[in-house]
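Work through the exercises below with the sequence and the model open. Each task is followed by a solution in steps.

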Amino acid sequence: MSKTSVVFITGASSGIGLAIARAVPFEARVFNISRRAVEGLEHMPADLSDPASWGQVAALFERELSGFEGPRAIFIHSAGTLTPMGAAGEVDGAGYTRQVLLNSAAPQVLGNAFLSAAAGCSARRQLLIVGSGAGQTVYEGWSAYCGGKAATDHWVRTVGAEQARRSGCEVASVAPGVVDTPMQDEIRATPVGDFPDHSRFVELHQEGLLRDPSEVAADFWRLLEAGLENGAVLDLREP
Ligand SMILES: NC(=O)c1ccc[n+]([C@@H]2O[C@H](COP(=O)([O-])OP(=O)(O)OC[C@H]3O[C@@H](n4cnc5c(N)ncnc54)[C@H](OP(=O)(O)O)[C@@H]3O)[C@@H](O)[C@H]2O)c1
């Protein structure tokens, strides 16, 4: 049985997830769960907007954590999408459905699968969701994204309370601030008609106020190493 720590990361092919994967501060097997593979990470190919993929990810958790004897088992959910941007009722319905499934349902279903698979481990267990200020702020054109982040934050509060009572897994959500990733490129490339706050994000970029993903990853690992307060919904921009 494996005595090496394991870190599962959804969306480790790009941006924040990739930076977190590259910065793991201890020896571990690191899995990227997403559609695209990247060099140096184990890859579980999955389109997480397709519910059929969730059982496959659950099977990966079961396979890796059954009889697991390593010191750390961590699940970081970073996969997310803003596509399609535009007002509800005016965007492509199939795309909107995929966005709801990825942003709202996948984190809860996969979080549940990780907790279940990790329940029998003596390892230190942590589940961290990459949240967003959009879970608390209205951004017209981002309804499925804002709704997904808000739902996931409240899932974290609830599951965190359950886990605290059980001395189980540490569960938290952390919003990273505005970070220089392809998601921000997509925001700036979107017509203002689909996203009225467009100019704010263009200005943040022009003023050099986007954070580097590697700095954000270092902050995430500082929090993970210190220990997550169960049920905490944090924002790196707040002291
Ligand atoms: N950048 C910011 O300013 C910012 C601010 C607040 C919160 N966030 C959050 O940070 C997280 C990461 O975003 P990012 O900025 O790093 O964006 P990114 O560079 O665009 O990366 C998005 C990641 O999500 C994965 N993903 C997207 N759709 C997927 C699908 N259908 N199935 C599986 N994986 C999928 C992508 O992997 P594949 O393409 O390989 O599938 C990719 O690895 C997101 O949850 C986002 O909401 C970002």
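A residue counts as buried if 20 or more other C-beta atoms lie within 10 Å of its own, as exposed if 12 or fewer do, and as partly exposed in between. The model used here is predicted.

**Exercise 1.** Decide whether Ser2 is buried, exposed or partly exposed, and place it in the fold.

Solution. Step 1: count the other C-beta atoms within 10 Å of Ser2; there are 13. Step 2: compare with the cut-offs of 12 and 20. The count of 13 falls between them, so Ser2 is partly exposed. Step 3: locate Ser2 in the chain, in the segment before β1. Step 4: list its contacts, setting aside neighbours within four places in sequence; these are Phe68, Glu69 and Gly70. Step 5: take the C-alpha atoms of Ser2 and Glu215, which are 213 residues apart along the chain, and find a separation of 31 Å.

**Exercise 2.** Work out the strand order of the seven-stranded open sheet and find which strands stand at the edges.

Solution. Step 1: read the order as β3-β2-β1-β4-β5-β6-β7, with parallel pairing. Step 2: look at the two ends. β3 (42–45) and β7 (232–235) have a single partner strand each, so one side of each is left without a neighbour in the sheet. Step 3: take the average angle between neighbouring strands, direction ignored, which is 20°. Step 4: examine one pair. β4 (residues 72–77) runs parallel to β5 (residues 124–130), with six bridges between them; Ala73 has Arg125 of β5 as its bridge partner. Step 5: add helix α1 (residues 15–22), which lies across β1, β2, β4 and β5 and runs at about 170° to β1.

**Exercise 3.** Identify which members of the largest nonpolar core touch the most other members.

Solution. Step 1: start from the general rule that nonpolar side chains in soluble globular proteins tend to be buried together. Step 2: among the 51 residues of the largest core, the members sought are Phe8, Ile9, Ile20, Phe114 and Leu128. Step 3: helix α3 (residues 93–118) supplies the largest share of this core, eight residues. Step 4: follow Ile20, which touches Ile9, Ile76, Ser78, Ala217 and Phe220 when residues up to four places away in sequence are not counted. Step 5: note a second, separate core of eight residues, including Met85, Trp142, Ile187 and Phe195.

**Exercise 4.** Describe the shell of residues around the ligand.

Solution. Step 1: the shell has 29 residues, and the closest are Gly11, Gly15, Arg35, Gly80 and Thr181. Step 2: α1 and α5 (182–189) are the elements that give two or more residues to the shell. Step 3: sorted by character, the shell holds twelve nonpolar, 14 polar and three charged residues.

Definitions and conventions
Residues are numbered from 1 along each chain as its sequence is written. This is a predicted model: local features need pLDDT of at least 70, side-chain atom pairs count only at pLDDT 80 or more; totals for chains, interfaces and linings use all residues. A nonpolar core is a set of buried Ala, Val, Leu, Ile, Met, Phe, Trp, Tyr and Cys residues joined through C-beta atoms within 7 Å. Helices (H or I, at least four residues) and strands (E, at least two) are DSSP runs, numbered from the N terminus. Two residues are in contact if their C-beta atoms, placed from the backbone, lie within 7 Å. Two strands pair if DSSP finds at least two bridges between them. Axes are lines fitted to C-alpha atoms, for helices over the stretch in contact, and angles run from 0 to 180 degrees between N-to-C directions. A residue is near a molecule or strand if its C-beta atom, placed from the backbone, lies within 6 Å of it. Ala, Val, Leu, Ile, Met, Phe, Trp, Tyr, Cys and Pro count as nonpolar, Asp, Glu, Lys and Arg as charged, and the others, Gly among them, as polar.
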